[in-house]
Amino acid sequence: MTLGPAVFAVWLIGPPIQRPSTIQLDWQAPPGCPSKAEVRERLRELTPESSSLLWVKATIAALESGSGFEVELRVANVEGESVRSFPADDCATLTDAIVLVVAVTIDPVGTAVTIAAGRAPEPSPAPEPLPVPQPLPMPESSPELEPTPELAEGSSIVLPLDREPEPARGRLRFGLRVYGGAGYGPTRGGSGNLGGGLAVLGKRWRWELDGIWSAPRVVRPANSVIAGTFDGWSVGTRGCFVPVAARVIELPLCLGIEVGQVRGRGLVLPTRLALDNVERARFLWVAPILAQGLWWAPLDRLAIGVELELLVPLTRGQFTIDDRGVERIAEIGVRGLIGIEVRLP
């Protein structure tokens, strides 16, 4: 026989309480468990006499699973009270553990010597080693428990047997971005562009809804005082596959379509007055988009990037003034853009 069970009990219950000569026992157990008289007799055999009083309250109940029992054990004297609970497969084993806990609380050294020497209370034969209650098995995925803080004498603490894992953060996010740049189109010439959009972000994909405006550009035929100013706008949607490099570099490859208008208005130079006999002209703009981006996300909620877009208009049209062609929709469009995006949550 070894000192293992007693040493474990000393660790389980904390500092010992002064030895009592009288134990006031409140025993509540279901049918089939040892009686209060049996428990009191066993405590009397294991505990020495002293001048102090000890209050013991044990409340045993069957586990909800239907296999095993659990006790809430309160031990108190004039110096304070301690509360603990532990389970066992059957009520007899649980009673053995309760008796051992109370005996070690009163006299840990004497109880350890008694168990080690195998002394038996007269006239009964030497008792079998008292089983020590085992803690419930921990799930494999359960995180390690934090160290238990030191407690002042007389205080108590309830240690959790398990900890719920933190909920995984969802991958679906939203992005709001603005951008600007320059390009060729929607008419045959360079133009400045300004736009913004909303994006839905996944782990390796994104879907975008964008709007863009091409700044007005003046076109003047050679050797003529008549000219025209042209601009355009469009809204579009596209889906992107987003490879990631070095965790902060994104390379979205996007395919989509945009729809809008290309607008023209006649002017008289050098005063740039609108011609009285020329109305505004508008052409439908429909163009598929192929875009390649390079985005850097130094922060979780912020990204900065550049994009190169290729547009192939599906509509055609020409602006004329006095039967003279001034400008037409470009056969192909190219844009270079730089932008910033805020991401939530």
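A salt bridge is a side-chain nitrogen of Lys or Arg within 4 Å of a carboxyl oxygen of Asp or Glu. The model is predicted: local features need pLDDT of at least 70, side-chain atom pairs count only at pLDDT 80 or more, and totals for chains, interfaces and linings use all residues. Residues are numbered from 1 along each chain as its sequence is written, and side-chain values use heavy atoms, with hydrogens and water left out.

**Exercise 1.** Find the salt-bridge partner of Asp 96 and place both residues.

*Solution.*
- Step 1. Asp 96 pairs with Arg 42; their closest N and O atoms are 2.7 Å apart.
- Step 2. Asp 96 sits in helix H3 (residues 91-106) and Arg 42 in helix H2 (residues 36-46), 54 residues apart. Helices are DSSP runs of H or I, at least four residues; strands are runs of E, at least two; both are numbered from the N terminus.
- Step 3. Asp 96 has a relative accessible area of 16%, so Asp 96 is buried. Buried means under 20% relative accessible area, exposed over 50%, partly exposed in between (1.4 Å probe, protein chains only).
- Step 4. Arg 42, at 27%, is partly exposed.

**Exercise 2.** Work out which parts of the chain the salt bridge of Glu 208 and Arg 177 ties together.

*Solution.*
- Step 1. The closest N and O atoms of Glu 208 and Arg 177 are 2.8 Å apart.
- Step 2. Glu 208 lies in strand S7 (residues 205-219) and Arg 177 in strand S5 (residues 173-184), so the bridge joins parts 31 residues apart in sequence.
- Step 3. Glu 208 is buried at 1% relative accessibility. Arg 177 is buried at 4%.
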